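Hi,

Here is the structure I said I'd pass on. Have a look at it first, and then read my notes below.

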Amino acid sequence: MLLLLCPGCISLYYAPNSQNIPMFKEKNETEASLAFQFGTMTVGCDADFAYSFTNHFGIMVNYNHWGAKKRSLLPNSDIEYEISGKNDLIEVGAGYYLPFQEKFIFEVYGGGGWGGVKNEYESRLESKLNYNRYFIQPSCGYYNKKVNLIFSLRLSGIDYNRIKYDSGIDESDKY
């Protein structure tokens with residue numbers, strides 16, 4: 001219940017990417033996926049790739065891109081303005097997987113990524129920031145010929161850096 005009540009960032013500043021959950025059973029397997037997001041403010045895509053290079057170890061690469069636009073009114077006025085933003089994130093990771101009891105798989109992946117967000121406010125104001133994100137992702141799943149059932153949790157941390165805000169006002173115009 002606590003997680004549902006916690007506030008988060010609106011998608012002009014941050015949006016999570018989809019989880020890459022390969023669920024490998026043996027060496028030399030490949031998993032790839034492409035997902036699209038269409039929201040009221042945001043349009044984006046996720047591209048995920050993973051490869052098992054041994055019988056118990058795999059690697060993954062994830063890419064996320066989205067763009068957003070929102071029109072709003074200035075507080076206490078009828079003046080409308082537009083906010084737009086875009087985000088790009090690339091992640092790499094490596095992990096261990098273990099098939100057991102013929103139909104179950106346990107895996108844990110860890111990795112990190114680099115991304116950036118750029119927002120424009122009515123084409124005059126601009127903010128940019130870069131971030132590093134680190135994750136650990138344990139998963140457990142059941143599979144057969146008709147269905148795959150997977151439980152996965154992703155714990156991640158984000159380190160924002162190189163934050164830049166440009167007001168769009170020339171310094172000589174202030175005086």
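A quick definition before the rest: a residue is called buried when its relative accessible area is under 20%, exposed when that value is over 50%, and partly exposed in between. Cysteine 45 comes out at 22%, so it falls in the partly exposed class. Cysteine 140 gets that label too, with a relative accessibility of 33%. Please keep in mind that this is a predicted model.

While we're on cysteines: how many disulfides does the structure hold? Zero. For the record, a disulfide is a covalent bond that links the sulfur atoms of two cysteines.

Now the overall layout. The protein chain has one helix and eight strands. Going along the sequence, the order is α-β-β-β-β-β-β-β-β, with the helix leading and the strands following. There are 175 residues in the protein chain, and 31% of them count as buried. The exposed area of the chain is about 11400 Å², with carbon and sulfur atoms supplying 60% of that. As for contacts, take the ones between residues at least 6 apart in sequence: 58% of these join residues at least 24 apart.

On the surface, there's a nonpolar patch you may want to look at. It covers about 530 Å² and is made by Phe49, Val61, Tyr63, Ile90, Val92 and Trp114. Two elements give two or more residues to it, namely strand E3 (57-73) and strand E4 (80-100). Valine 92 sits in strand E4, and with a relative accessible area of 37% this valine is partly exposed.

Valine 92 also turns up in the surroundings of another residue, phenylalanine 135. That phenylalanine belongs to strand E6 (residues 125-143). Is phenylalanine 135 buried or exposed? Its relative accessibility is 6%, and the cut-off for buried is under 20%, so phenylalanine 135 counts as buried. What does phenylalanine 135 touch, leaving out residues up to four places away in sequence? The list is Met60, Glu91, Val92, Gly93, Tyr109, Gly110, Gly111, Gly112, Arg154, Leu155 and Ser156. One of these, glycine 112, is 23 residues away along the chain, and the C-alpha atoms of glycine 112 and phenylalanine 135 are 6.1 Å apart.

That's what I have for now.

Cheers

Technical notes
Residues are numbered from 1 along each chain as its sequence is written. This is a predicted model: local features need pLDDT of at least 70, side-chain atom pairs count only at pLDDT 80 or more; totals for chains, interfaces and linings use all residues. Side-chain values use heavy atoms; hydrogens and water are left out. Patches are made of residues with over 30% relative accessible area and no salt bridge: like charges are joined within 9 Å, nonpolar side chains (Val, Leu, Ile, Met, Phe, Trp, Tyr) within 5 Å. Accessible areas come from the Shrake-Rupley method with a 1.4 Å probe; for residues, only the protein chains shown count as cover. A salt bridge is a side-chain nitrogen of Lys or Arg within 4 Å of a carboxyl oxygen of Asp or Glu. Helices (H or I, at least four residues) and strands (E, at least two) are DSSP runs, numbered from the N terminus. Buried means under 20% relative accessible area, exposed over 50%, partly exposed in between (1.4 Å probe, protein chains only). Contact means heavy atoms within 4.5 Å. A disulfide is a pair of cysteine sulfur atoms within 2.5 Å.
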